[in-house]
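Here is a guided look at one protein model, written for someone who spends more time at the bench than at the graphics screen. Keep the viewer open as you read.

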Amino acid sequence: MVVCVLVGCSGSATGGEGSGGSAGVSGSGTSAGGAAGSSAGGAAGSSAGGAAGSSAGGAAGSSAGGGTSSQPASGKTPRCGEDCSNPHGCYPCSEGSKQTIDGTTRYCVSGCWDTAPPPDPSCTLYGRQYPPGGEARDVYDCNACTCYENASGADWGCTTKACSCEGLSGAQYVATSPDECAVIDYACPANTEGFGGDCGCGCRQDPRCAAVYDCSSGCERDVIEVFCPYSEIVE
């Protein structure tokens with residue numbers, strides 16, 4: 001059985017369900033995406049909570065969302081293996097959903113459209129599913145994580161570099177003092193990950209999410225609100 005090597009990163013694996021579940025509570029040690037919030041002394045706890053992750057279709061880098069641009073994102077969700085072509089970011093898709101594109105049924109897997117259905121078993125981060133062998137960064141974009149299959153399903157294994165929460169994009173801080181973080185509990189919204197360190201603690205959405213989404217010409221607003229809860233939506 002492969003055990004996740006990053007402190008606090010006993011991230012959950014799923015059996016190929018549709019939409020990802022909620023992230024956990026600060027200090028709990030685990031969450032649906034595997035990232036733990038800060039508890040004792042604000043210690044950093046996380047698993048695979050990161051940006052560049054390969055999906056079952058081999059997509060790497062930017063897919064659902066475009067990062068920190070202040071210009072509204074308006075691009076379509078890319079196919080797995082293709083980067084988002086919109087300079088400001090792309091709309092997210094709902095994990096596990098499917099649609100017909102150019103006569104081919106495609107599934108939303110790890111935030112992009114793939115011809116293969118959601119993997120089973122899988123590892124989960126930010127509500128996105130990754131197959132065994134899938135790679136991602138932790139919630140601090142600091143450690144490299146790989147999804148490993150084991151006797152109970154699958155789980156993340158990560159490198160163990162010390163990381164800082166300073167300057168994280170798409171983050172909502174609950175407290176900025178490690179002392180405060182040591183004595184409070186908080187729940188993170190679905191599809192976000194908890195973090196904690198010497199600069200505080202809180203929740204972070206997928207860094208692939210754009211800061212602003214343009215829905216003036218129509219979009220799946222409910223999907224954006226679920227998978228990028230800290231992003232602004234303009235119409």
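## The largest pocket

In this predicted model, the largest pocket holds about 250 Å³ of space. Its lining is made up of 14 residues, and those nearest the centre are Lys76, Thr77, Gln99, Trp113 and Glu220. Two elements, β2 and α2 (221-227), each give two or more residues to that lining.

What is the make-up of the lining by class? Eight of the residues are nonpolar, three are polar and three are charged.

## Hairpins from β2 to β4

Let's follow the chain through β2, which covers residues 98-101, and β3, which covers residues 104-109. These strands run antiparallel and are joined by four bridges. One of the pairs to look for is Ile101 with its bridge partner Thr104 in β3. Two residues separate the strands of this hairpin, and in the turn Asp102 has a positive phi of about 55 degrees.

The next hairpin brings in β4, residues 112-114, which pairs with β3 in the antiparallel sense over three bridges. Here Tyr107 stands opposite Asp114 in β4. Again there are two residues between the strands, and Ser110 takes a positive phi near 60 degrees.

## A cis proline after β4

Moving on, the loop between β4 and β5 contains Pro121. The peptide bond that joins Asp120 and Pro121 is cis, with an omega of about 5 degrees.

## The sheet of β7, β8 and β9

Three strands, in the order β7-β8-β9, form an open sheet with antiparallel pairing. Each of the edge strands, β7 and β9, has a single partner, so one side of each is left without a neighbour in the sheet. On average, neighbouring strands of this sheet are turned by 35 degrees against each other, with direction ignored. As a reminder for reading any such sheet, side chains in a regular strand alternate between the two faces.

For the pairing of β7 with β8, look for three bridges between antiparallel strands. Arg137 has Ala144 in β8 as its bridge partner. The loop between β7 (135-137) and β8 also holds Asp141. Asp141 has a phi near 55 degrees, which is a positive value in a residue other than glycine. Is Asp141 buried or exposed, or does it fall in between? With a relative accessible area of 33%, Asp141 counts as partly exposed, because that class covers values between 20% and 50%.

## The sheet of β10, β12 and β11

A further open sheet has three strands in the order β10-β12-β11, with antiparallel pairing. Its edge strands are β10 (171-175) and β11 (192-197), each of which pairs on one side only. From one strand to the next, the twist averages 25 degrees.

Within this sheet, β11 pairs with β12, residues 200-205, in the antiparallel sense over six bridges. Gly196 stands opposite Cys201 in β12. Before β11 comes a loop that starts from α1 (178-181) and includes Asn191. The phi of Asn191 is near 65 degrees, a positive value in a residue other than glycine. Its relative accessible area is 1%, so Asn191 counts as buried, the limit being under 20%.

## Nonpolar cores

Which residues have the most contacts inside the largest nonpolar core? They are Leu125, Tyr140, Trp156, Cys165 and Phe195, in a core of 18 residues. The elements giving two or more residues to this core are β5 (122-125), β8 (144-150) and β9 (153-158). The largest share, three residues, comes from β9.

Another core lies apart from this one. It has nine residues, among them Ala210, Tyr213, Cys215 and Ile224.

## Glu225 in helix α2

Finally, turn to helix α2, where Glu225 is found. Glu225 has a relative accessibility of 43% and therefore counts as partly exposed. How far apart in space are Glu225 and Pro92? Their C-alpha atoms are 9.8 Å apart, while in sequence the two are 133 residues apart.

Technical notes:
Residues are numbered from 1 along each chain as its sequence is written. This is a predicted model: local features need pLDDT of at least 70, side-chain atom pairs count only at pLDDT 80 or more; totals for chains, interfaces and linings use all residues. Side-chain values use heavy atoms; hydrogens and water are left out. Two strands pair if DSSP finds at least two bridges between them. A nonpolar core is a set of buried Ala, Val, Leu, Ile, Met, Phe, Trp, Tyr and Cys residues joined through side-chain atoms within 4.5 Å. Buried means under 20% relative accessible area, exposed over 50%, partly exposed in between (1.4 Å probe, protein chains only). On a 1 Å grid over the protein atoms alone, a cavity is a set of points where a 1.4 Å probe fits but cannot get out, and a pocket is an open set with protein on both sides within 12 Å along at least five of seven lines; lining residues have an atom within 4 Å of a point. Grid points are joined across faces, edges and corners, and a volume is the space filled by probe spheres set on the points. Ala, Val, Leu, Ile, Met, Phe, Trp, Tyr, Cys and Pro count as nonpolar, Asp, Glu, Lys and Arg as charged, and the others, Gly among them, as polar. Axes are lines fitted to C-alpha atoms, for helices over the stretch in contact, and angles run from 0 to 180 degrees between N-to-C directions.
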